[in-house]
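Q: Please take one part of this structure and examine it closely. I would like a connected account that also sets this part in the context of the whole chain.

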Amino acid sequence: NRSSDLDYDEPDNRWNKWLNVWHCLVAPVLVLAIIGDIDMLIADKFPVAGLLLIIGVVIAIIVALTSKPFEPPVYHWAFAYMGFIVAVLWIYAIANEIVNILQTIGLVFHIGDGILGLTLLAWANSIGDFIADFN
């Protein structure tokens, strides 16, 4: 049952208890911020960000109390799923920002969205293939 993110040649298997506790605290609120609903309320009274922060604190306390500093816990596989979800959301956020920047360039230079989509966005989509072909 070797996990791909653990390095069994290293003395501590590259497990960092406090880094993962921090991830448990930050990830739920970060997900809400990236989605864009940071101001959302439950029953028009309690902020969802506060609820997610409380859930994150509870999970972080559980991780802090049930794991050892240099040995990954049994539930270590759950961090892979959490990391995947957060990584996908980072990609989503960065892609949205790039599109917003290109739309701003289009507004400044009076270029329509259709032309931007056919030129700049298509070129940006091809850069990965271009670089891969020359390596």
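A: A crossing of two helices is called left-handed if the near helix is turned anticlockwise from the far one by less than a right angle, and right-handed if the turn is clockwise. In this predicted model, the crossing of helix 1 and helix 3 is left-handed. The contact between them involves N20, H23, C24, A27, L30, V31, I34 and I35 on the side of helix 1, and F79, M82, V86, L89, W90, Y92 and A93 on the side of helix 3. Two packed helices are described by the angle between their axes and by the distance between those axes. Here the axes of helix 1 (residues 17-35) and helix 3 (residues 77-108) cross at roughly 35° and come within 10 Å.

The wider fold gives this pair its setting. The protein contains 5 helices and 2 strands, and from the N terminus on its elements follow the order α-β-β-α-α-α-α. Among contacts with a separation of 6 or more, 58% join residues 24 or more positions apart. Of the 135 residues, 21% count as buried. The exposed area of the protein is about 10,100 Å², of which carbon and sulfur atoms supply 68%.

Helix 1 also has contacts elsewhere, and K17 offers an example. K17 lies in helix 1 and is counted as buried because its relative accessibility is 9%, where the limit for that class is under 20%. Beyond residues up to four places away in sequence, K17 touches V63, A64, S67, K68 and P69. For the pair K17 and P69, the C-alpha atoms are 5.0 Å apart in space, although 52 residues separate them in sequence.

One of the residues touched by K17, namely K68, also takes part in a salt bridge. The side chains of K68 and E71 meet there, with an N to O distance of 3.9 Å. The structure holds 1 salt bridge. E71 has a relative accessible area of 45% and therefore counts as partly exposed.

Attention may now pass to helix 2. A49 is located in helix 2; its relative accessible area is 16%, so A49 is buried. When neighbours within four places in sequence are set aside, the contacts of A49 are V29, L32 and I38. The C-alpha atoms of A49 and L32 are separated by 7.0 Å, and the two residues are 17 positions apart along the chain.

Helix 2 contributes to the surface as well. I42, F46, L51, I54, I55, V58, I59 and I62 make up a nonpolar surface patch of about 640 Å². Helix 2 (residues 48-66) provides the largest share of this patch, with 6 residues. I54, one of the patch residues, has its place in helix 2. With a relative accessibility of 46%, I54 counts as partly exposed, because that class takes in values between 20% and 50%. Helix 2 thus holds both A49, which is buried at 16%, and I54, which is partly exposed at 46%.

The two strands complete the picture. A loop runs between strand 1 (41-42) and strand 2 (46-47), and A43 is found in it. D44 belongs to the loop between these strands as well. The backbone of A43 has a phi near 55°, a positive value in a residue other than glycine. D44 likewise has a positive phi, of about 55°, although it is not a glycine. A43 counts as exposed because its relative accessibility is 64%, and D44 counts as exposed because its value is 70%.

To return to the part examined, helix 1 and helix 3 form a left-handed crossing at roughly 35°, with residues such as A27 and L30 of helix 1 and L89 and W90 of helix 3 among those making the contact. In addition, K17 of helix 1 is in contact with residues including V63 and P69.

Key
Residues are numbered from 1 along each chain as its sequence is written. This is a predicted model: local features need pLDDT of at least 70, side-chain atom pairs count only at pLDDT 80 or more; totals for chains, interfaces and linings use all residues. Side-chain values use heavy atoms; hydrogens and water are left out. Patches are made of residues with over 30% relative accessible area and no salt bridge: like charges are joined within 9 Å, nonpolar side chains (Val, Leu, Ile, Met, Phe, Trp, Tyr) within 5 Å. Accessible areas come from the Shrake-Rupley method with a 1.4 Å probe; for residues, only the protein chains shown count as cover. A salt bridge is a side-chain nitrogen of Lys or Arg within 4 Å of a carboxyl oxygen of Asp or Glu. Helices (H or I, at least four residues) and strands (E, at least two) are DSSP runs, numbered from the N terminus. Buried means under 20% relative accessible area, exposed over 50%, partly exposed in between (1.4 Å probe, protein chains only). Axes are lines fitted to C-alpha atoms, for helices over the stretch in contact, and angles run from 0 to 180 degrees between N-to-C directions. Contact means heavy atoms within 4.5 Å.
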